Amino acid sequence: MLNVSQTNLQTHLVELEQLHPHEEVDPDHLRELIQQIALDGVLKYAIVADRKTKVILDGEHRYTVLKSLGCRRIPVVYVDYDSPSIIVQAWKENCRLTKRDVVEAALSGKRLPPKASRHMIRNSDVLVHISAIEQKVDVPLEVLKSELAYVPLEMVKTAMYVDLKDVLPIYSRFLKTETADTPLVLDKKTKVLLYGYEAFQALELLSAKKVPAFKVDINKVEVKTAEGLTKEAIIKAAIGGVKLPPKSFTIMGGEVKISVPLKKLRGTERHDVKTLRVYSGSLELLLGGWPTPLVKLNSLSTNGRSVWAKLECYNPFSNSVKDRIAWYMIKEAMEKGEFKRILYEATSTNTGIALTSIANIFGAKTKVYVPMTVQRASDIYLNVLGAEVVRLPVSLTVEAISHVDAEAKAHGAAHLNQFENDANFKAHLKHTAREIDQQLASLGLKPTCIIGGLGTSGHISAISLYFKTKYGDKVKIVGVQPAQNEVIPGIRRIETGMKWIQWTTFDQIVDVSQREATEAAINIARKEGLLVGLSSGAVVHAFQKIAQEKGVYVLIFPDSGYKYAEQFEKYLKNEFPNRQN
Ligand SMILES: Cc1ncc(COP(=O)(O)O)c(C=O)c1O
């Protein structure tokens, strides 16, 4: 039932062409009305039409006025003409007029004479004229004349803030209906938003690329403002000025609706699972997460030099470069039939975490041997993952290998041995090195220098082999090791013995102290907002030692700083030797 007091009757901005008048207009009344509406500059009230047939039931004169004033659209309240609460009456007594007569007159073009009909609504027991449901909208004629344009969202300039709680109902409506139903109005010249602030914000939250807008000349519309606010002040607020409070101004008296599918405003969005980063399991998360990001370090870059960090902490298990080799070692062990229900490994943390995580996926267990020098927190991470942790009285992981090997043999466990297993080198040759090459190529760049820490030597040796083979001596490879008697988690000195470093060439090996590595890591955290690990800090310090003014530098950051709270705490408490600041 149609109820006059219903407030949910909406006013739609409908193209004049879509509507069908059912009676002729009275020329005298038309002339008067043209003058009045042109003088007002706005259409005050919506007309009424049948939703299904688009036959105008009330407001034929306003319709004709707008047509003659060059408007394209008119505000319409749609009703269901079939509803028994809408009644048609003939103005002349003793004349019978049916709804069918009205529709036929409209659709055949054989219109009824002026004032032949009137439509009434039954409201409870009384009949009221249908104009009672015509909403007061005060839509500027400029808006009704303008064509609906699809304007790139970033071109729109806003002059005032909005309250999020005013936006959310609109946002929810758009999201639910997948339709934008509120038009925006922009100043043609400046693209300053004059109407539809909440809808604009809702569209932004819905990631629309374009917005539906009517473009008008701000000088030709009346802006209803808080006292004293001029049009110039509105434009100034939108273009570089301080934004005005919510609801400081509007150009329309009521709400008018359009209907634009959100799809049209969002443009083509890629919906494939890869772009949206949906993975069917955590192992797929590892493989599908490659390439890890290559990020420009602006604090180290200059006009002639760009410096890039390869962020290996984006690997999901150990949040380090070691996920790659753990997967490759396990994969190859499975292929060779050497995978066992229990894996033993000597590790300074990262390989242990990565191996345990992947072993968990395959229902296997790990026992990891960790040097005394490694931070205490590692035991907790490893225990949470289900690893058995054995602390050994050695300072370097590599010193534990023979012990781990003997234990594994004695207990029937697999010892994948990251220090000797070529799957380590292969993982970096196939992935890490090629990723960097492709990432730089996407920018039209070739590296002039790549710097990486030496632990097993797996990653930087593979990177060296790849780039030296492809670019020869145009690319410089720099290895980083701790200075004599210094401990930097994850890296060690060449003389302690490394396999793959022998397979390729290095242009330079740089020594870094623990203090230098820590300070460089802190510096990156404070300049770039990236909390990187200590071996990454060592790489940064090495870069600072050798950097030239020109070139493309790639720094390999093996992990993040979160595992090294104990070392950072020591430094911040001034418990480091030779602290300089
Ligand atoms: C934090 C960290 N940095 C650097 C490295 C050295 O990497 P690679 O073993 O590939 O030489 C490791 C290896 O354990 C590490 O865990």
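**Exercise 1. Strand partners.** Leucine 186 stands opposite leucine 193 in β13. Place this pair in its sheet.

*Solution.* This is a predicted model, in which local features need pLDDT of at least 70 and side-chain atom pairs count only at pLDDT 80 or more, while totals for chains, interfaces and linings use all residues. Residues are numbered from 1 along each chain as its sequence is written.

Step 1. Find the strands. Strand β12 covers residues 184-187 and pairs with β13 in the antiparallel sense over two bridges. Strands are DSSP runs of E with at least two residues, helices are runs of H or I with at least four, and both are numbered from the N terminus. Two strands pair if DSSP finds at least two bridges between them.

Step 2. Set out the sheet. Four strands form an open sheet in the order β10-β14-β12-β13, with mixed pairing. β10 (148-152) and β13 (193-195) are the edge strands, each pairing on one side only. Neighbouring strands of this sheet are turned by 50 degrees against each other on average, direction ignored. Axes here are lines fitted to C-alpha atoms, for helices over the stretch in contact; angles run from 0 to 180 degrees between N-to-C directions.

**Exercise 2. A second sheet.** Describe the sheet that holds the bridge partner of leucine 294.

*Solution.* Step 1. The partner is lysine 310 in β19. β18 and strand β19 (residues 305-311) pair in the antiparallel sense over three bridges.

Step 2. The open sheet has six strands in the order β18-β19-β27-β24-β25-β26, and its pairing is mixed. Its edge strands are β18 and β26 (508-512), each pairing on one side only. Neighbouring strands are turned by 25 degrees against each other on average, direction ignored.

**Exercise 3. Two unusual backbone sites.** Locate the cis peptide bond and the positive phi of lysine 115.

*Solution.* Step 1. The cis bond joins tryptophan 290 and proline 291, with omega about 0 degrees. Proline 291 lies in the loop between α9 (282-288) and β18 (294-296).

Step 2. Lysine 115 is not a glycine, yet its phi is about 55 degrees. Lysine 115 sits in the loop between α3 (99-108) and β7 (117-123).

**Exercise 4. Helix crossing.** Classify the arrangement of α16 and α17.

*Solution.* Step 1. Take the axes. Those of helix α16 (residues 514-528) and helix α17 (residues 534-546) come within 7 Å and cross at roughly 90 degrees.

Step 2. Apply the classes. Angles under 35 degrees count as roughly parallel, over 145 as roughly antiparallel, 65 to 115 as roughly perpendicular and the rest as oblique. α16 and α17 are therefore roughly perpendicular to each other.

Step 3. List the contacts (C-beta atoms, placed from the backbone, within 7 Å). Among the α16 residues are Glu516, Thr518 and Ile524; those of α17 include Leu534, Val540 and His541. By class, the contact has seven nonpolar, five polar and one charged residues. Ala, Val, Leu, Ile, Met, Phe, Trp, Tyr, Cys and Pro count as nonpolar, Asp, Glu, Lys and Arg as charged, and the others, Gly among them, as polar.

**Exercise 5. Ligand shell.** Between which domains does the ligand shell lie, and why?

*Solution.* Step 1. The ligand is surrounded by 20 residues, and the closest are Gly455, Thr456, Gly490, Ser535 and Pro558. Near means that the C-beta atom, placed from the backbone, lies within 6 Å.

Step 2. Five shell residues are nonpolar, 13 polar and two charged. α11 (350-361) and α15 (458-471) each supply at least two of the shell residues.

Step 3. Domain 3 (322-419) and domain 4 (423-572) both give residues to the shell, so it lies between them. Domain bounds come from an automatic or database domain assignment.

Methods:
Two residues are in contact if their C-beta atoms, placed from the backbone, lie within 7 Å.
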